[in-house]
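Subject: Handing over the two-chain model

Hello,

I am passing this structure on to you. Please look it over first, then read my notes below.

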2 protein chains.
Amino acid sequence: MAKEVKDSSTEEKIKNAARVIFHQKGFAGTRTRDIAEASGINLALLNYYFRSKEKLFDLIMTESLEVFFRSLHSVFNDPTTDFEEKIRRIVENYIDNLSANPNIPIFILSELRNHPEELIKKTGAKKVFLDSVFMKQLKEEIEAKRIKPIHPLQFIMNLLGMTVFPFVASPMIKGIGAIDQAEFESLMQERKTIIPDWIKSFLTP
Amino acid sequence: MAKEVKDSSTEEKIKNAARVIFHQKGFAGTRTRDIAEASGINLALLNYYFRSKEKLFDLIMTESLEVFFRSLHSVFNDPTTDFEEKIRRIVENYIDNLSANPNIPIFILSELRNHPEELIKKTGAKKVFLDSVFMKQLKEEIEAKRIKPIHPLQFIMNLLGMTVFPFVASPMIKGIGAIDQAEFESLMQERKTIIPDWIKSFLTP
DNA sequence: TTAAGAATTAATCAAGTGTTTAAATCTTTT
DNA sequence: AAAAGATTTAAACACTTGATTAATTCTTAA
């Protein structure tokens, strides 16, 4: 009956440390001893609670995919918002999520090279993106000639590129711009409003 | 005096195999035995020619940074091309380079999280980007009110985001779009012309 | 209170990993 | 052709790493 205590102490401590380190160094770069040390627990407890490094990793990865994809599902499929409004919400939602978890994109994308198929399947990415209300609305807007014709994937690449890439490349951005974390974050906040503006301007006929 | 032979056989074989595997799996995920096997050489030869896994890695990383950054230096600083022309050339140059070396961006960016400072310094990124003729021209265009005002870093993030991100996220793009490598490449070719169009459209006042 | 189960610990194991060694083979020079 | 040097090889070494074990401490239920 130590379930409640467990969830909020040892088990959770391990998971939190694991998330930070996995996000920073990836699966191969992370040693179970690092996780144990960072969470202040005995090495054996990692296997006691999670069976193996890989099981723990899968847990963190599933959670991370949830943050990266699932939070968008509702926005993409909200029937009550129009196309423009969805763009604003997607960008804002993403930038908020990634500001709180800045290492998630590079973590997911770099692990993705090792197991592309299964991870993609896990996300249900196709459902979330291409089969969404958002994409239907994009096509409608194009048919109604309210926006310029564009391949849906080209559009998604622009949207994600402009929104996600700065987080993937943040050390590089900070380096070439000679700015610190605070300035970087402020630029990201600014992007919440200007990315939708840019998108609108290259979509309008 | 076997120097000529050496460069074109064993040493080069190791380097080529190392490049492929490092690009795919990163430093931590690569085992020297994998490199040896992939290049068909005895394990000890890796240390015979390159001293250590880390020295070999540094060599590959330096080369990769060269591809990723230095090829742009001349384009960024060409005084004979105007602002618009430079955008076209940068995008085309990048897409050509990355089509030939699609794993370089995710490789560099994921290794970058471990050693941000030194790697950034190695690239001379600030010189290549912010202090370039290209950025001077951007400021001139803004002052002359020929384009909308924009923070140089915001501009660079859009340019790189739209150009580089698809390569970083290619497994994801292919997954969510249900397309194969050939279709992906064709989309990338298309982007060579449409990215400059998009940029132009959101820069014009 | 005490027995039973859960949680924690230090020590250890077995496999994996980067590297080295010493001998063998090949190449070049005289 | 023989000596000297470069290259290659199989084997081993030293260390790391994920995982397990067996004992100990803590917690809970009767």
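Which residues are buried in helix 12 of chain B? They are Ser170(B), Met172(B), Ile173(B), Gly175(B), Ile176(B) and Gly177(B). Keep in mind that this is a predicted model. Here is the rest, starting with the overall picture.

**The chain**

Chain A has 13 helices and zero strands. Its pattern along the sequence is therefore an unbroken run of α elements, α-α-α-α-α-α-α-α-α-α-α-α-α. The C-alpha atoms of chain A fill a box of roughly 65 × 40 × 30 Å along the principal axes. Of the 205 residues in chain A, 37% are buried. Take the contacts in chain A between residues at least 6 apart in sequence: 68% of them join residues at least 24 apart.

**How the two copies relate**

Chain B goes onto chain A by a rotation of 180°, with 0.0 Å of shift along the axis. The RMSD of that superposition is 0.0 Å. The two copies are thus related as by a two-fold rotation axis. Which C-alpha of chain B is nearest the axis? That of Gly161(B), which lies 2.2 Å from it. Both copies use the same surface: 100% of the contact residues of chain B recur in chain A.

**The interface**

The contact takes 42 residues from chain A and 42 residues from chain B. Several helices of chain B supply at least two residues each to the side that touches chain A. They are helix 2 (10-29), helix 7, helix 8, helix 9, helix 11, helix 12 (170-177) and helix 13 (181-203). Helix 11 of chain B gives the largest share, eleven residues. By class, this side of chain B has 27 nonpolar, eleven polar and four charged residues.

**Helix 7 against helix 7**

Look next at where helix 7 (residues 104-112) of chain A packs on helix 7 of chain B. Their axes are 10 Å apart, and the angle is about 130°. That makes helix 7 of chain A oblique to helix 7 of chain B. The crossing of these two helices is left-handed. Which residues of the two helices meet? From chain A come Ile106(A), Leu109(A) and Ser110(A). They meet Ile106(B), Leu109(B) and Ser110(B) of chain B. This contact has four nonpolar, two polar and no charged residues.

**Helix 7 within its own chain**

Helix 7 of chain A also packs on helix 2 (residues 10-29) of chain A. Their axes come within 8 Å and cross at roughly 10°. Helix 2 and helix 7 of chain A are therefore roughly parallel to each other. The crossing is left-handed. Helix 2 of chain A contributes Phe22(A), His23(A), Gly26(A) and Phe27(A) to the contact. Helix 7 of chain A contributes Ile104(A), Phe107(A), Ser110(A) and Glu111(A). These residues divide into four nonpolar, three polar and one charged. Note Ser110(A): it is in this contact, and it also meets helix 7 of chain B.

**Met162(A)**

Met162(A) is found in helix 11 of chain A. Is Met162(A) buried or exposed? Met162(A) is buried, because 24 other C-beta atoms lie within 10 Å; the cut-off for a buried residue is 20 or more. Leave out residues up to four places away in sequence, and Met162(A) touches Ile195(A), Asn158(B), Gly161(B) and Met162(B). Among those partners is Gly161(B), the residue with the C-alpha of chain B nearest the axis. Glu11(A) is 151 residues from Met162(A) in sequence. In space, the two are 37 Å apart, C-alpha to C-alpha.

**Helix 12, in both chains**

Back to helix 12. In chain B, helix 12 is mostly covered, with six of its eight residues buried. What covers those buried residues? From chain A, the cover includes helix 7, helix 8 (116-123), helix 9 (125-128) and helix 11. From chain B, it includes helix 11 and helix 13. Just after helix 12 of chain B, Ala178(B) takes a positive phi of about 50°.

Now chain A. Helix 12 (residues 170-177) of chain A is mostly covered too, with six of its eight residues buried. They are Ser170(A), Met172(A), Ile173(A), Gly175(A), Ile176(A) and Gly177(A). Their cover includes helix 11 (152-168) and helix 13 (181-203) of chain A. It also includes helix 7 (104-112), helix 8 (116-123), helix 9 (125-128) and helix 11 (152-168) of chain B. Ala178(A), just after helix 12 of chain A, takes a positive phi of about 50°.

Best wishes

Notes:
Residues numbered from 1 in each chain as written. Chains lettered and ligands numbered in written order. Predicted model: local features only at pLDDT ≥ 70, side-chain atom pairs only at ≥ 80, totals over all residues. Least-squares fit on C-alpha atoms with pLDDT ≥ 70 in both. Contact = placed C-beta atoms within 7 Å. Buried ≥ 20, exposed ≤ 12 C-beta atoms within 10 Å, placed from the backbone. Helix = DSSP H or I, 4+ residues; strand = E, 2+ residues; numbered from the N terminus. Axes fitted to C-alpha atoms, helices over the stretch in contact; angles between N-to-C directions. Parallel < 35°, antiparallel > 145°, perpendicular 65-115°, else oblique. Left-handed = near helix turned anticlockwise from the far one by under 90°. Nonpolar A, V, L, I, M, F, W, Y, C, P; charged D, E, K, R; others polar.
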